[in-house]
Each structure stands twice: as structure tokens, then as C-alpha cells.
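The following exercises concern a single protein chain. Each task is followed by a solution in steps.

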Amino acid sequence: MHASPTLTKNLQAVLVDLIDLCLLGKQAHWNILGANFRDLHLQLDEIVDAARGFADDTAERMRALYAVPDGRSSTVAATSHLDQFPEGEITTHDAIDQVTLRLYQAIGTIRDVHDEVDEEDPTTADLLHGFIGRLEQLAWMVSAENRAPSTAVQASAGHPEAGARL
């Protein structure tokens, strides 16, 4: 099977968001400070590892479908759907909210393209299902650091998950 231009476009959108998620996870990892530093520092590495692995899986799936992935930094910077991460040092409390938001933004991109991907290639859609499940688990786990039992994730940006302002 050869990917259509639509399938290629959709997988490329997922790829750049996953690469960006990996990069911003490291940015947070290097610059957090405050309460529960060590726990969040390690948790960010889990997020980075997952995003890096999912990006690689996406790019390799694209190649298996004879599509050409573009993970160049200029492409990621120009086309990512994730908000830019704040510059400089960041408290663990703020980093948790910032990372959670971007996890849900990446999940939103995957959900946005899912149905078109599934129509053309259910095998690739199955791959996306796994990404969603793991990223949602990571978002829940990191967001739990700042949540109280009665707080809920708020909706914004057209995605129920995108407004993870807690």
C-alpha cells in the first residue's frame, strides 16, 4: 500500500507534534525547580521517551507506506500544533500545567486525524489508538500532581482535552 496525500498529511501532523512534545518535555526537564523536583524530573523523562518512541513509530510507518516523513527542526517549528513552551526556569507546579496542556494538544491532533486515517488504513489507525491511550495515561499521571479531588480538566481550543488548565 502507498499512502495517499491525505494520509501522508495526517501522519506528518502527528509526527511533528510528537517531535515537539519530546523537545518541550526535555526543555521542562532541564529547567524545572521546586517542590517534587525529582519526581517530576523523572516523570518528564517518561513522557519524552514515549513521545520519541511514538514519533519513530510514526515515521517508520510512513516509510512503510512509501510516504516521506519530515522531522527537520524548521518543519517542526513551523507546523507543530503545540503551544510554544515558556522560556527559562519554571516551577514544578507551572511545568505540570504546561506539559499537561501540550500532552492534550498532541492527543487532540491524533484524534483530529484518526477518522481519515482509519478510512484509508485501519492498521495505522490501530497504531494511533495506542498512542492516544498511553499519552492520556501520562497526561492523567502528570496532571494529578496539581489536581485536587474535585477539579476537572477544562475544555478549550475545540478539543475537550486541549484546555488542561487546572
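A residue is called buried when its relative accessible area is under 20%, exposed when that area is over 50%, and partly exposed in between. The model used throughout is a predicted one.

**Exercise 1. Classify Y66 and N36 by accessibility, and describe their phi angles.**

Step 1. Y66 has a relative accessible area of 56%. The limit for an exposed residue is over 50%, and therefore Y66 is exposed.

Step 2. N36 has a relative accessible area of 46%, so this residue is partly exposed.

Step 3. Y66 is placed in the loop between α2 and α3 (73–79), whereas N36 belongs to the loop between β1 (32–33) and α2.

Step 4. Most residues other than glycine have a negative phi. Y66, however, has a positive phi, near 65 degrees. N36 also has a positive value, near 60 degrees.

**Exercise 2. Determine whether Q12 and W30 are buried or exposed.**

Step 1. Q12 is found in helix α1 (residues 5–31), and W30 is found in helix α1 as well.

Step 2. The relative accessible area of Q12 is 15%. Buried means under 20%, so Q12 is buried.

Step 3. Neighbours within four places in sequence are now set aside; Q12 is then in contact with M62, V68, P69, D70 and T75.

Step 4. W30 has a relative accessibility of 58% and therefore counts as exposed. Its C-alpha atom is separated by 8.0 Å from that of H41, a residue 11 places away along the chain.

**Exercise 3. State where the partners of three salt bridges lie, and how accessible each partner is.**

Step 1. Side chains of opposite charge can pair when their charged atoms come close. In this model the count comes to 6 salt bridges.

Step 2. D49 pairs with R52, and their closest N and O atoms are 3.3 Å apart. Both residues lie in helix α2 (residues 37–64), 3 residues apart, which is about one turn of the helix. D49, at 47% relative accessibility, is partly exposed, and so is R52, at 45%.

Step 3. D121 and R61 form a salt bridge with an N to O distance of 2.8 Å. This pair links distant parts of the chain, since D121 is in the loop between α4 and α5 (122–143) and R61 is in helix α2, 60 residues apart. D121 is buried, with a relative accessible area of 5%, whereas R61 is partly exposed at 21%.

Step 4. R111 forms a salt bridge with E136, and the closest N and O atoms are 2.7 Å apart. Because R111 lies in helix α4 and E136 in helix α5, the pair ties together parts that are 25 residues apart in sequence. R111 is partly exposed, with a relative accessible area of 39%; E136 is partly exposed at 24%.

**Exercise 4. Identify which residues form the negative surface patch, and which helix gives the most to this patch.**

Step 1. The negative surface patch is formed by D115, E116, D118, E119 and D126.

Step 2. Helix α4 (residues 92–120) gives the most to this patch, with 4 residues.

Step 3. D118 is placed in helix α4. A residue of a patch must have over 30% relative accessible area. The relative accessible area of D118 is 32%, so D118 is partly exposed.

Definitions and conventions. Residues numbered from 1 in each chain as written. Predicted model: local features only at pLDDT ≥ 70, side-chain atom pairs only at ≥ 80, totals over all residues. Heavy atoms only, no water. Patch = residues over 30% accessible without salt bridge, like charges linked within 9 Å, V, L, I, M, F, W, Y side chains within 5 Å. Areas by Shrake-Rupley, 256 points an atom, 1.4 Å probe, with all protein chains shown as cover. Salt bridge = Lys/Arg side-chain N within 4 Å of Asp/Glu carboxyl O. Lys, Arg positive; Asp, Glu negative; His and termini not counted. Charge placed at Lys NZ, Arg CZ, Asp CG, Glu CD. Helix = DSSP H or I, 4+ residues; strand = E, 2+ residues; numbered from the N terminus. Buried < 20%, exposed > 50% of the residue type's maximum accessible area, 1.4 Å probe, protein only. Contact = heavy atoms within 4.5 Å.
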